[in-house]
Amino acid sequence: MSAPGSKRKRLRGALQRGRDKWADLRPRVISGGILAVLGLLLLLSSGLWLRLGVSIVTGLMMWELARLTAWRHPEFHSPRHPVLIGLLSGLVLLAMLVLPGDWPLLLVVVPVLAGLPGTHVHERVAYVLFTCAILGAGYALVVIREVMGPPTLFWLVGTVVASDVLGYFVGRKLGGPRFWPAISPKKTWSGTIAGWVGAFALALALVICGQAGWILLLAGPLLALAGQFGDIAESWLKRRVGAKDSSDLIPGHGGVMDRFDAMSGALLLALVLLMANLLPVIGG
């Protein structure tokens, strides 16, 4: 083959690799836009509508969790098992959010006990931990929205989104060493650090505008880190059961767990900070 022919072949190969690298960008952007609108409507809602919306999202995540922890072993459950677990979990969270007092938090044991018989024996610990995390994150979102106010919740969501978006683009563009290759092969140190920087920049902007105290500069990156570990935790589960995505409900994003894994991690840490009276108030 002539030298010019080899050069053209290498160029075509480089162009194809570039297209493949960003092949999922278009469906991600379209689905992300739709999710952003639905998420904004949910965050702007309150009362029963907020509780219903969060319960539906939680039910979908639990449906995916039930499939991930047992769908390759149908002999352990009926085909309706994941659907029933999703419905039950959504109803349980709704009860946790509408019933008075703290005792409804104990209802988390209902989907745990109901789902264990249909879960593969090797995945039961993971099922219990993820069930508590998913329902805890849904509970945290509503509590933070109503106790701390919408601005604090929007800052929390903005922190996770900024970390996720910067991590995706910087990681894809710069590449480099992997953050935790055994669990999440695509996550790089460059993308991870970019996520921290994005969270810090958002916090700094709010501090400069007088919307929060300097503690926000620490809380922002910590929440971004919690979100990244939420992402890593779900990657660990998918790698453990041999699944690429939690489901195929959202084009370009996989499933609901794939989209809200980072948000769940950040919400859980935010709930802990709230209980310790350490969660910053935005605009208060």
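Buried means under 20% relative accessible area, exposed over 50%, and partly exposed in between, with a 1.4 Å probe and protein chains only. The exercises below concern a predicted model, in which local features need pLDDT of at least 70, side-chain atom pairs count only at pLDDT 80 or more, and totals for chains, interfaces and linings use all residues. Residues are numbered from 1 along each chain as its sequence is written, and side-chain values use heavy atoms, with hydrogens and water left out.

**Exercise 1. Confidence**

Identify the helices in which confidence is lowest and highest.

Solution. Step 1: pLDDT is the predictor's confidence in each residue, from 0 to 100. Step 2: the protein averages a pLDDT of 87, and 87% of the residues score at least 70. Step 3: helices (H or I, at least four residues) and strands (E, at least two) are DSSP runs, numbered from the N terminus. Step 4: confidence is lowest in helix α1 (residues 3–21), with a mean of 56, and highest in helix α6 (residues 124–147), at 96.

**Exercise 2. Aromatic pairs**

Determine how many aromatic pairs the model contains, and classify W196 by its accessibility.

Solution. Step 1: a pair of aromatic rings is described by the distance of the centres and the angle of the planes. Step 2: rings of Phe, Tyr and Trp (its six-membered ring) pair if their centres lie within 6.5 Å; planes under 30 degrees apart count as stacked, over 60 as edge-to-face and the rest as tilted. Step 3: this rule yields two aromatic pairs. Y168 and F169 form an edge-to-face pair, 5.1 Å centre to centre with 85 degrees between the planes. Step 4: Y168 counts as buried because its relative accessibility is 12%, whereas F169, at 37%, counts as partly exposed. Step 5: W189 and W196 also form an edge-to-face pair, at 6.4 Å centre to centre and 80 degrees between the planes. Step 6: W189 is partly exposed at 35% relative accessibility, and W196 is partly exposed with a relative accessible area of 27%.

**Exercise 3. A charge over a ring**

Locate the ring over which the charged end of R67 sits.

Solution. Step 1: a charge sits over a ring if NZ of Lys or CZ of Arg is within 6 Å of the ring centre and within 35 degrees of the ring normal. Step 2: the ring belongs to W63, and the charged end of R67 is 4.9 Å from its centre.

**Exercise 4. The strands**

Describe how β1 and β2 are joined.

Solution. Step 1: two strands pair if DSSP finds at least two bridges between them. Step 2: β1 (residues 178–180) and β2 (residues 184–188) run antiparallel and are joined by two bridges. Step 3: W180 has S184 in β2 as its bridge partner. Step 4: the connection from β1 to β2 is a hairpin of three residues.

**Exercise 5. Salt bridges**

Find how many salt bridges there are, and state which parts of the chain the pair of R259 and D164 ties together.

Solution. Step 1: a salt bridge is a side-chain nitrogen of Lys or Arg within 4 Å of a carboxyl oxygen of Asp or Glu. Step 2: six salt bridges result from this rule. Step 3: in one of them, R240 meets E123, with the closest N and O atoms 2.6 Å apart. This pair links distant parts of the chain, R240 being in helix α9 and E123 in the loop between α5 (109–115) and α6, 117 residues apart. Step 4: R240 is partly exposed at 42% relative accessibility, while E123 is buried at 10%. Step 5: R259 and D164 form a salt bridge at 2.3 Å, N to O. R259 lies in helix α10 (residues 256–275) and D164 in helix α7 (residues 150–174), so the pair ties together parts that are 95 residues apart in sequence. Step 6: E234, K238 and D258 are linked in a network of salt bridges.

**Exercise 6. Helix α9 and its end**

Compare the span of helix α9 with its expected value, and name the residue that follows α9.

Solution. Step 1: the expected span of a helix is 1.5 Å times one less than its number of residues. Step 2: helix α9 (residues 216–241) has 26 residues and reaches 38 Å from its first C-alpha to its last, close to the 38 Å expected. Step 3: G242 follows α9 and has a positive phi, near 75 degrees.
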